[in-house]
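Me: Please take a close look at a single part of this model and connect it to what lies around it. I would like the definitions stated as you go.

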Amino acid sequence: MFVRTVSKRDLKAVQALLAETWHATYDAIYGEARVGEIIVEWHSMAALEERLEAPLSEFLVADDGTAIGGVAYATAIDEGKTVMLHQLYVRPDSQGRGIGGLLLDEIEGCFPDADKVRLEVEEANTKAVAFYLAEGFAKVGRTASCGRPDSGIPADIYERPIMWAD
Ligand SMILES: CC(C)(COP(=O)(O)OP(=O)(O)OC[C@H]1O[C@@H](n2cnc3c(N)ncnc32)[C@H](O)[C@@H]1OP(=O)(O)O)[C@@H](O)C(=O)NCCC(=O)NCCS
């Protein structure tokens, strides 16, 4: 499995991975219909294409040469000091094999001016919370609107410091 930047030809596979993983992760929390609506709105081809051009951003996939196993998207905020990890999704049948940790470390390394990584995670998504705690994150706050300013989906905010080797 190697990590590389997303290109336009990957977007259909990325869209399918996000749809499969979102339903597997969130149907039990938000309901299948609401998850279906969010997928259509947030992961349209136009929305994914925008990420390819977004400034101060990184859009990565984990690829085993035949299929994409995971995807991560992050932007730099706070004048480059904070990496905002917007999405980290590993296909259900590929979870627990180190892909999430690999993508997390790779995306962090793409922002050499940053001193911390921040993300928002649904409190009821206990598997993801366990993963982030194991990866050295700690809860620092809460948001009323995860993902976008008008989502109305509450979530916890987690951060971990970036330790750059000298
Ligand atoms: C959360 C997620 C990104 C983690 O990726 P992953 O590839 O499954 O995780 P990894 O195999 O890289 O795990 C790294 C470490 O996290 C820990 N970990 C992972 N899943 C865990 C779990 N369910 N419970 C406890 N610890 C866990 C392990 O300690 C593991 O370390 P190890 O390799 O030494 O055992 C992935 O499971 C996923 O996509 N889940 C569904 C979507 C989601 O919730 N995304 C996050 C939204 S905010």
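Reply: A residue counts as near a molecule or strand if its C-beta atom, placed from the backbone, lies within 6 Å of it. By that criterion 21 residues surround the ligand, and the closest are Gln-95, Gly-100, Gly-101, Ala-128 and Ala-130. The model is a predicted one: local features need pLDDT of at least 70 and side-chain atom pairs count only at pLDDT 80 or more, while totals for chains, interfaces and linings use all residues. Residue numbers start from 1 along each chain as its sequence is written.

Helices (H or I, at least four residues) and strands (E, at least two) are DSSP runs, numbered from the N terminus. Several of these runs feed the shell around the ligand: α1, β4 (82–90), α4 (99–109), β5 (116–121) and α5 (126–134) each supply at least two residues. The largest contribution, five residues, is that of α5. For the classes, Ala, Val, Leu, Ile, Met, Phe, Trp, Tyr, Cys and Pro count as nonpolar, Asp, Glu, Lys and Arg as charged, and the others, Gly among them, as polar. The shell then divides into ten nonpolar, eight polar and three charged residues.

The part to follow closely is α1, one of the elements that supply the shell. Helix α1 covers residues 11–30. α1 bends by about 40 degrees at Ala-24, where the bend is the angle between axes fitted to the seven residues ending at a residue and the seven starting there. After α1 comes Gly-31, with a positive phi near 95 degrees.

Burial is counted from C-beta atoms placed from the backbone: a residue is buried if 20 or more other C-beta atoms lie within 10 Å of its own, exposed if 12 or fewer, and partly exposed in between. Val-14, Leu-17 and Thr-21 of α1 are buried. The cover over the buried residues of α1 includes α3, β2 (57–63), β3 and β4. Contact here means that the C-beta atoms of two residues, placed from the backbone, lie within 7 Å.

Two helices pack against α1. Two packed helices are described by the angle between their axes and the distance between the axes. Axes are lines fitted to C-alpha atoms, for helices over the stretch in contact, and angles run from 0 to 180 degrees between N-to-C directions. A crossing is left-handed if the near helix is turned anticlockwise from the far one by less than a right angle, and right-handed if clockwise.

With helix α3 (residues 45–53), α1 makes an angle of about 120 degrees, and their axes are 10 Å apart. The crossing of α1 past α3 is right-handed. On the α1 side Leu-11, Val-14 and Gln-15 take part, meeting Met-45, Leu-48 and Glu-49 in α3. This contact of α1 with α3 consists of four nonpolar residues, one polar and one charged.

With helix α2 (residues 32–42), the angle of α1 is about 140 degrees and the axes are 8 Å apart. Here too α1 passes in a right-handed crossing, this time of α2. From α1, Leu-18, Ala-19, Trp-22, His-23, Tyr-26, Asp-27 and Tyr-30 meet Glu-32, Arg-34, Val-35 and Ile-39 in α2. Sorted by class, the contact of α1 with α2 holds seven nonpolar, one polar and three charged residues.

Ala-19 also serves as a reference point for Gly-96, which sits in the loop between β4 and α4. The C-alpha atoms of Gly-96 and Ala-19 are 77 residues apart along the chain and separated by 19 Å. Gly-96 is exposed, because 12 or fewer is the limit and 11 other C-beta atoms lie within 10 Å of its own.

Returning to α5, Tyr-132 is placed in that helix. Tyr-132 is buried, with 24 other C-beta atoms within 10 Å. Not counting residues up to four places away in sequence, Tyr-132 touches Val-121, Phe-137 and Tyr-158.

The chain also passes through β3 (68–77) and a loop between β3 and β4, which holds Asp-78. Most residues other than glycine have a negative phi. Asp-78, although not a glycine, has a positive phi of about 55 degrees. Asp-78 is exposed, with 12 other C-beta atoms within 10 Å.
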